[in-house]
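Biologist: I keep reading labels like "buried" and "edge-to-face" and never know where they come from. Can you take me through some of them, one label at a time?

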Amino acid sequence: MATRYWVASLPVQDSASSLWNRLQDQISRHSFDTPLYRFNIPNLRVGTLDSLLALSDDLVKSNSFIEGVSHKIRRQIEELERVSGVESSALSVDGVPVDSYLTRFVWDEAKYPTMSPLKEIVDGIHGQVAKIEDDLKVRGAEYNNVRSQLNAINRKQSGSLAVRDISDLVKPEDIVSSEHLITLIAIVPKYSQKDWLASYETLTSYVVPRSSKKLYEDNEYALYTVVLFRRVADNFRTSARDKGFQIRDFEYSPEGQEHRKEELERLVRDQESLRNSLLQWCYTSYGEVTSFSFLFILYLLYNFVLP
């Protein structure tokens, strides 16, 4: 179950330490088991009051933008983990669990120098998150492109005989091809197989008697071959179509089959590699964007409590 945190900012009257002690005392009186964590925010270079007020609107917009990017990355992680079947990993920020990052936050002076104007820091963070969002789009599109190609091939392999790739169902010994003879591939509805066997020899002249052979059958169709003279192939196609039989365009090619096999294996490898790479990138980028989002919350608090 996710832990809910409240982030509060209070004006300092005497000293930050005395305010912290009073807050702890007040909270413990009403809820003794509620832990409190103190954020030590350094003094930031805010500039004039007018510039700070102008920045407040930008802070709100940028915070919403950064939060949206973090949600996009998290959804991408969830999808990748679901597709790959891996157990969901705990997300982290800067290499530590999110809860630990929030409760033990320390300002990174090296990344965000306090001597830099607040607007400059804010603009820099916004630009970094925008770049991360662009990278997510590019990486996600590359992965989805390979995935779509692989899904298209799988659909062809798993569809009915009317639409699927039949190159893996036809063997060299099933094909007769010479100067005068040709083998056609017929897709016959299951309920029409008797009609096919009774009529294929008479659909046109010069059909080799008893040449039809069933190679495969699925839930809807059966796959048959038939041998005939090349010069009557078009007539046979027309007559077969009139009777409800589909003649598939097919040319047996060992090289083509090998190429399709290699292409499928390559796409499988590419998909796995891109998925793993994208997942690792998302883990890292989620931590970065989440830290940015938290910084913006602190900026907003720092902004709104100034006199």
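Modeller: Here we go through a few labels and the values behind them, keeping in mind that this is a predicted model.

Biologist: Okay, why is S62 called buried?

Modeller: Buried means under 20% relative accessible area. S62 comes out at 6%, so it counts as buried. You'll find S62 in helix 2, residues 49-84.

Biologist: And what makes S62 and H126 a polar contact?

Modeller: The cut-off for the N or O atoms is within 3.5 Å. The side chains of S62 and H126 are joined at 2.9 Å, and this counts as a polar contact.

Biologist: How do you know that the W196 and F236 pair is edge-to-face?

Modeller: Two checks here. Ring centres must lie within 6.5 Å, and planes over 60 degrees apart count as edge-to-face. For W196 and F236 the centres are 6.1 Å apart and the planes stand at 90°, so the label fits. The pair also links distant parts of the chain, with W196 in helix 5 and F236 in helix 6, 40 residues apart.

Biologist: Which label does the pair of W196 and F245 get?

Modeller: Edge-to-face too, with 5.2 Å centre to centre and 90° between the planes. W196 lies in helix 5 and F245 in the loop between helix 6 and strand 6, so this pair ties together parts that are 49 residues apart in sequence. W196 and F245 are both buried. In fact W196, Y200, Y224, F236 and F245 form one aromatic cluster.

Biologist: What makes R231 sit over the ring of Y206?

Modeller: One part of the test is a distance within 6 Å of the ring centre. R231 lies over the face of Y206 at 4.3 Å from the ring centre. The charged end of R164 does likewise over Y216, at 5.8 Å from the centre.

Biologist: On to the sheet. Why do strand 4 and strand 6 stand at the edges?

Modeller: The open sheet has 4 strands in the order 4-5-3-6, paired antiparallel. Strand 4 (213-217) and strand 6 (246-248) each have a single partner strand, so one side of each is left without a neighbour in the sheet.

Biologist: How do you know that strand 3 and strand 5 pair?

Modeller: Pairing takes at least two bridges. Strand 3 and strand 5 are joined by 9, running antiparallel; for instance, P189 stands opposite Y221. Strand 3 and strand 6 pass as well, with 3 bridges.

Biologist: And why is strand 3 called largely enclosed?

Modeller: Because 8 of its 9 residues are buried.

How values were computed: Residues are numbered from 1 along each chain as its sequence is written. This is a predicted model: local features need pLDDT of at least 70, side-chain atom pairs count only at pLDDT 80 or more; totals for chains, interfaces and linings use all residues. Side-chain values use heavy atoms; hydrogens and water are left out. Helices (H or I, at least four residues) and strands (E, at least two) are DSSP runs, numbered from the N terminus. Buried means under 20% relative accessible area, exposed over 50%, partly exposed in between (1.4 Å probe, protein chains only). A polar contact is a pair of N or O atoms within 3.5 Å; within protein, one must be able to donate a hydrogen and the other to accept it, and residues adjacent in sequence count only if both atoms are side-chain atoms. Rings of Phe, Tyr and Trp (its six-membered ring) pair if their centres lie within 6.5 Å; planes under 30 degrees apart count as stacked, over 60 as edge-to-face and the rest as tilted. A charge sits over a ring if NZ of Lys or CZ of Arg is within 6 Å of the ring centre and within 35 degrees of the ring normal.
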